Amino acid sequence: MSTKEVRMPGELSPSAYVVLGLIARYGPMTPYELKARVEDSVGYYWPIPHAQLYRDPARLAERSLLEERAEEHGRRRRVFHLTDAGRAALERWLEDPRTAQPETRNPALLKLAFVDLAGPGHDAELAAEQAARHREWLELYRKLRAEIDRDRPDAVSRARLLDLGIRHEEAYVDFWSAMASTPANRSSSTRETGTNERASE
């Protein structure tokens with residue numbers, strides 16, 4: 001799922017808010033550490049290119065929303081700290097309940113729209129493939145949910161997101177499994193056969 005947003009000049013991008021939020025939650029981080037945090041959290045539903053996670057902190061620092069400091073020892077990596085202005089910007093964003101309208105771009109749904117134009121059985125094959133794929137996601141989400149450490153800073157939000165993901169995947173599994181067991185072509189053929197048999201009686 002992706003979201004298109006029209007932002008006013010000077011307004012932050014979603015990835016910039018992710019950077020602010022992660023640093024607010026976990027403390028100062030390097031871009032590499034941000035990448036690891038994204039992969040372990042929002043990356044499941046909001047992928048962010050690695051290059052973006054190197055660009056955003058520097059841009060936020062230019063706007064005084066983050067402060068860049070070099071490590072005093074070792075590799076002297078660039079470490080970004082949240083400023084008061086950055087925390088205020090994050091809070092304003094979180095306090096606004098409005099969000100952009102989501103736009104679903106799912107290749108499986110695109111095929112579903114036209115699979116009736118294919119030969120018999122292809123709808124069942126599509127459904128079986130999708131059911132298997134969503135079962136994998138469902139098992140992963142259930143595993144991650146069971147493994148949540150209650151002491152981690154994002155335990156509450158992580159549990160909520162995984163609960164939503166589990167319900168989402170359960171619905172997909174139910175839908176695709178039902179379609180795989182009763183594809184439209186088979187249902188249509190059965191109805192036609194039944195009609196012909198009744199007409200001959």
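**Salt bridges and nonpolar cores**

Lys35 is buried, its relative accessible area being 15%, a value under the 20% limit for burial. In this predicted model, Lys35 nevertheless takes part in a salt bridge: its partner is Glu39, and the closest N and O atoms of the pair are 3.7 Å apart. Both residues belong to helix H2, where they are separated by four residues, or about one turn of the helix. Glu39, in contrast to Lys35, counts as partly exposed, with 43% relative accessibility.

Side chains of opposite charge can pair when their charged atoms come close. In total, 14 salt bridges are present in the structure. One of them joins the side chains of Arg77 and Glu33, with an N to O distance of 3.9 Å. Arg77 is found in the loop between strand S2 (66-70) and strand S3 (78-82), whereas Glu33 is part of helix H2 (residues 31-39); the pair therefore ties together parts that lie 44 residues apart in sequence. Both partners are partly exposed: the relative accessibility is 27% for Arg77 and 29% for Glu33.

A further salt bridge is formed between Glu67 and Arg69, whose closest N and O atoms are 3.4 Å apart. Glu67 has a relative accessible area of 36% and is partly exposed. Arg69 also falls into the partly exposed class, at 40% relative accessibility. Salt bridges also link Asp40, Arg152, Asp154 and Arg158 into a network.

Attention now turns to the nonpolar residues. The largest nonpolar core contains 21 residues, of which Leu12, Val19, Leu20, Ile23, Val38, Leu60 and Leu66 touch the most other members. At least two residues of this core are supplied by each of the following elements: helix H1 (14-26), H2, helix H3 (50-62), S3 and helix H4 (84-95). The greatest contribution is that of H1, which gives seven residues. Another core lies apart from this one; it is made up of nine residues, including Tyr141, Ala155, Ala159 and Val173.

Helix H2 thus appears in both parts of this description. This helix holds Glu39 and Lys35, which are paired with each other, and Glu33, which is paired with Arg77 of the loop between S2 and S3. H2 also supplies at least two residues to the largest nonpolar core.

Key
Residues numbered from 1 in each chain as written. Predicted model: local features only at pLDDT ≥ 70, side-chain atom pairs only at ≥ 80, totals over all residues. Heavy atoms only, no water. Salt bridge = Lys/Arg side-chain N within 4 Å of Asp/Glu carboxyl O. Buried < 20%, exposed > 50% of the residue type's maximum accessible area, 1.4 Å probe, protein only. Core = buried A, V, L, I, M, F, W, Y, C linked by side-chain atoms within 4.5 Å.
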